[in-house]
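Trainee: Got a minute to go through a model with me?
Mentor: Sure, put it up.

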Amino acid sequence: MDELKGAVEFVKSKTKVNVTQRDIEKILAALNSTNHFWEVIFLSQKPFAVVRETINYLISIDFVKSDDSGNLEPTQKGKEFVEKNNIPVVKNYTCQCCEGRGIVFDEIKVAYEKFKKIVKTRPDAIVEYDQGYVTEETAFSRIALMIKKGDLVGKRLIVFGDDDLVSIAAALTKLPKEVLVLEIDKRLVDFINQAAKEYNLALKAIEYDFRNKLPDELVKSFDTFTIDPPETIEALDLCFTRTTSSLKGAGCAGYFGLTNIEASLSKWHEFQKLLLNKFNAVITDIIENFNHYVNWNYLLPSLDSKLNFVNVQPKLNWYTSSMYRIELVKDIEIVNEYINCELYIDNEAILYKE
């Protein structure tokens with residue numbers, strides 16, 4: 001299919017991301033299922049820039065057109081290609097009860113109801129720290145997964161960055177021995193500490209920048225960590241230098257989300273090698289689309305896009321990530337020092353300019 005080969009070369013040249021013909025087929029299948037750009041990203045689970053430039057290419061060869069409202073529609077030429085090459089419609093067979101997580105949290109529903117009340121006054125997500133928080137159901141599903149895996153009850157939990165407020169969710173269950181939050185945003189530090197005081201929780205938040213060395217008293221002190229890391233390779237390396245250093249040793253666990261929207265499978269491959277070879281960790285679980293994020297209000301202004309199909313307000317929680325659980329198989333020794341690096345922007349990041 002010469003058209004797909006052309007798309008691969010075009011997208012590679014525009015994004016510098018390693019793209020395959022199969023990636024283009026998946027985006028075509030998503031376009032065969034919806035006319036909404038953000039849902040195409042959700043259905044295809046390909047990096048934002050790859051989807052954007054694939055659609056640009058398909059428009060340029062008259063396979064797709066975009067109307068004044070930014071809706072996407074296949075042209076007659078595009079429809080004929082899809083039919084001739086058996087491009088499918090994407091079917092969603094996800095369980096509607098658990099949203100595909102395989103997790104329910106009925107036994108901690110009382111804490112969940114308190115959590116929903118607390119987060120109503122949470123600070124807004126801001127672009128300065130690349131923030132975007134998960135749904136309340138996602139936060140408690142994370143807690144239920146930690147309970148299921150034996151990583152929360154009676155354990156010391158450390159949370160690295162917490163616009164999701166998962167620390168409050170964990171502490172409300174009264175199951176962990178202690179919850180500590182390291183967070184760069186003072187607004188969140190104050191909000192978490194106020195909730196801890198008001199609800200008498202075994203929870204504390206302190207200001208911390210990942211680039212700074214981990215305080216000595218926190219090294220090898222915790223049973224479990226959780227983090228939603230930025231997804232540049234530099235940032236992932238830095239974040240897991242800090243997170244794994246906080247664990248007591250072999251048998252301790254970590255939880256984090258990783259997207260396909262800002263991290264291609266090539267980046268996943270590179271990062272997984274770091275986990276295995278540098279951080280002495282094994283991946284025990286990857287649960288697809290576990291984490292559902294609420295649409296953040298700075299999305300479209302921050303993109304500053306000239307493309308009308310991008311400048312459409314999302315009509316679904318399109319940004320999702322897979323939930324990883326890792327476990328240390330050997331103790332780890334890492335030099336604890338200041339590390340300066342780019343945390344948020346690479347050529348796969350949503351904030352990367354066209």
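Mentor: We'll take one helix, one residue in it, and then a helix pair.

Mentor: This is a predicted model, so local features need pLDDT of at least 70, side-chain atom pairs count only at pLDDT 80 or more, and totals for chains, interfaces and linings use all residues. Residues are numbered from 1 along each chain as its sequence is written, and side-chain values use heavy atoms, with hydrogens and water left out.

Trainee: How far apart are the end C-alpha atoms of α7?
Mentor: They are 19 Å apart. The 13 residues, 136-148, should span 18 Å at 1.5 Å a residue, which agrees. The expected span is 1.5 Å times one less than the number of residues. Helices here are DSSP runs (H or I, at least four residues), numbered from the N terminus.

Trainee: And Glu137, buried or exposed?
Mentor: Partly exposed, with a relative accessible area of 35%. Buried means under 20%, exposed over 50%, partly exposed in between (1.4 Å probe, protein chains only). Buried residues of α7 include Thr138, Phe140 and Leu145.

Trainee: What does Glu137 touch?
Mentor: Phe105 and Tyr112, not counting residues up to four places away in sequence. Contact means heavy atoms within 4.5 Å.

Trainee: Switching topic: at what angle do α10 and α11 pack?
Mentor: About 25°, with their axes 11 Å apart. Axes are lines fitted to C-alpha atoms over the stretch in contact, and angles run from 0 to 180 degrees between N-to-C directions.

Trainee: Which residues make the contact?
Mentor: Ile233, Leu236, Asp237 and Phe240 of α10 meet Lys267, Glu270, Phe271, Leu274 and Leu275 of α11.

Terms used
Helices (H or I, at least four residues) and strands (E, at least two) are DSSP runs, numbered from the N terminus.
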